[in-house]
Amino acid sequence: MRTLSLRQILIIGVVVGIVLPAIVLGRFLVQDRYERELQLRVRNPMSQYADMLSRGMAVPVWTLDKAVANQFIQAVMRNPEVVSVEVLDESRSVFAYSSKFKKEGAKLLREERPILLETKVIGSVMLELTTEHIEKELWADFLKLGVALLVQVVFSFILIWLLFERRIVRPIMELQLATGRLARGKLDQPLEWERQDEIGNLAQGLDKMRLNLGRLITEREAQNITLQQELNERLRAEQALKVTEEKFIGIFQASPVAMTVLRKSQHYSMIDVNDAWVRQFYWSHDEVLGDNETQKALWRNEADFAEILRIIERDGEIHDYEAWLTCGQQEKIILCQVSGRMIRLGNEPLIILVQEDITEKRQNEQEIRNMNTTLERRVSERTQALEAANSELTIVLENLQRAQRELLRTEKMAALGSLVAGVAHELNTPIGTSVTVASTLAQHTDAVMVEFDKGLRRSVLEEYLRNAKTGADLLLRNLSKASELVISFKQVAVDRTSANRRVFALDEMLSELILTMGPTIRKTRHDVVHSVPPKLMMDSYPGPLGQVMTNLINNAFIHGFDGDYRGTVSITARIFDESFVEITVRDNGKGIPESNLGRIFDPFFTTRLGLGGSGLGLNIVYNLVTGILGGNIVVESDVGKGTCFKISLPLEPKMADEDVAEVH
């Protein structure tokens, strides 16, 4: 049935819906009429004739009067359905008999009755009646019914065929041709429809789709014009970020003392060490980072490590704590003076420890205590040298901390700087056009003033007024466009540079963000779309939320889309659990390998070191979401299918003011 056309389905439907019920019903009607006629014209008369002959033949049979018997028989034989009448005597011999021609194959009905004289059986009567006449009449009626049914079927089929052909098949074929034109990209020919039925409504919907497709194609072509220029600006911003990252790495690695970075959220595991630490403890980066057993083996007494952490958590810093540490492959134990401080990278607490080898220093001090008092001067000089070294170490540590804070601030403001440059570029066109129009109007005004002094002609005044009206329209359109850009950028810039809490609509905030990022997005071949329920209100911090969205979009552009691939970043949101909103940022890029999923939120982790990746973008996202916004973020990714970030945020986060100030 699935391969049949509409016309074939129509034929089958007419046959099944009209002919089959008529045949079945007609068969039952004919059978019923046959039974009634048979009963009325054959069985009832046959029973009556048998009764009459049984009573009337008693005397002729008893008196052997065959003439009277034949008269009775002939009276019965006048009925055309009666075929034969046979009268038998008591000895079963034929007493009287009469018959007609029997058509071969005709159906016969027989009836036999005894002949009684008082109570004694003196013979019997047998009658035969045929159903031939009834069957002929029924067949004639059946043929008439068939002809009438055939006429009805033909008339119904023609009527249904015409209606189906004119109102369904032809309109569908016209719609098929129209959709073929749309599929070939021919959008200039409209779809016109006279009837306002279901197919007419479908045609109107296709015409609206044609108009929408044309508008979207036009807008896309206009956006592609500026992509190359925006790409160049993007590359310059990435180069600046790369320089900042190299400065931080250079300061950390160039420190002359052993330095370790610990992450509190991972039970104070080591996430980085500098080259001076490797030289001092004889462990490579790969041997110590990520290996908890090796990190425990570093401390000869684990209680020293626990005490250092307790003091730092209590005071925020520690100075000159002495502990014995083990040197890797050398199986050597050295005495180190440990100093450190807890810092925050975004909202994530990190601990920087400085482990200075003072084994030789303590040995010298012991020797000095055993020396003569004449060596006090040398001890004083040595002490001064050590104090100078400690001061230098403190200065280096403070410089490192300032560099880290500056690197974080630079990373957070890099996107805003790129946004400012893009908006300035967007404003250049309408403002430049406005300046040109204004200067042209000024020139025309000067010319009219000269003509006015000479005697102003009506044609000159009319031309001036036409030019002035055209110029005013151009000024209004361009200045309105510039005003819209400035208003959107002003709101995004105020939110981005402050942590003010306010009530805002999520869809409007995302629309303003994407509008201000327009120059950055158009530099690429990619698209950013969002689908957020209207008037989804939040009492939160739009600045940090905008920073999160910007970093996720930039992360997809940098890491998710390679080469000439044309990707799409989709942003959706939904309400769940009444007081929470889930924001999903999904791209169709190359995805993240499973081995990297657990590290993408770590600071300084990047797969594009030296190629535009700083390793801080997603770390800032994690800190903002879990900190000031009071939410949670998870990532899902399949290699080759794209990446999805799911952010769960409360509609009204609870966060202390000092925490907000600390983030910024």
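A cavity is, on a 1 Å grid over the protein atoms alone, a set of points where a 1.4 Å probe fits but cannot get out, and its volume is the space filled by probe spheres set on the points, which are joined across faces, edges and corners.

I noted that this is a predicted model, in which local features need pLDDT of at least 70 and side-chain atom pairs count only at pLDDT 80 or more, while totals for chains, interfaces and linings use all residues. Residues are numbered from 1 along each chain as its sequence is written, and side-chain values use heavy atoms, with hydrogens and water left out.

**Cavities.** I looked up the cavities of 30 Å³ or more and found three, and I read that the second largest holds about 40 Å³ of space. Its lining (residues with an atom within 4 Å of a point) includes Leu-552, Val-585 and Phe-645. Helix H16 (542-560) and strand E14 (580-587) each supply at least two of the lining residues; helices (H or I, at least four residues) and strands (E, at least two) are DSSP runs, numbered from the N terminus.

**Helices.** I then checked H4 (residues 132-183) against H5 (residues 198-224), whose axes, lines fitted to C-alpha atoms over the stretch in contact, are 11 Å apart at an angle of about 5 degrees. I call H4 roughly parallel to H5 because angles under 35 degrees, taken from 0 to 180 degrees between N-to-C directions, count as such.

**Arg-113.** Finally, I found Arg-113 in strand E3 (residues 108-117), where its side chain makes a polar contact of 3.3 Å with that of Ser-47, a polar contact being a pair of N or O atoms within 3.5 Å, one able to donate a hydrogen and the other to accept it.

Methods:
Angles under 35 degrees count as roughly parallel, over 145 as roughly antiparallel, 65 to 115 as roughly perpendicular and the rest as oblique. On a 1 Å grid over the protein atoms alone, a cavity is a set of points where a 1.4 Å probe fits but cannot get out, and a pocket is an open set with protein on both sides within 12 Å along at least five of seven lines; lining residues have an atom within 4 Å of a point.
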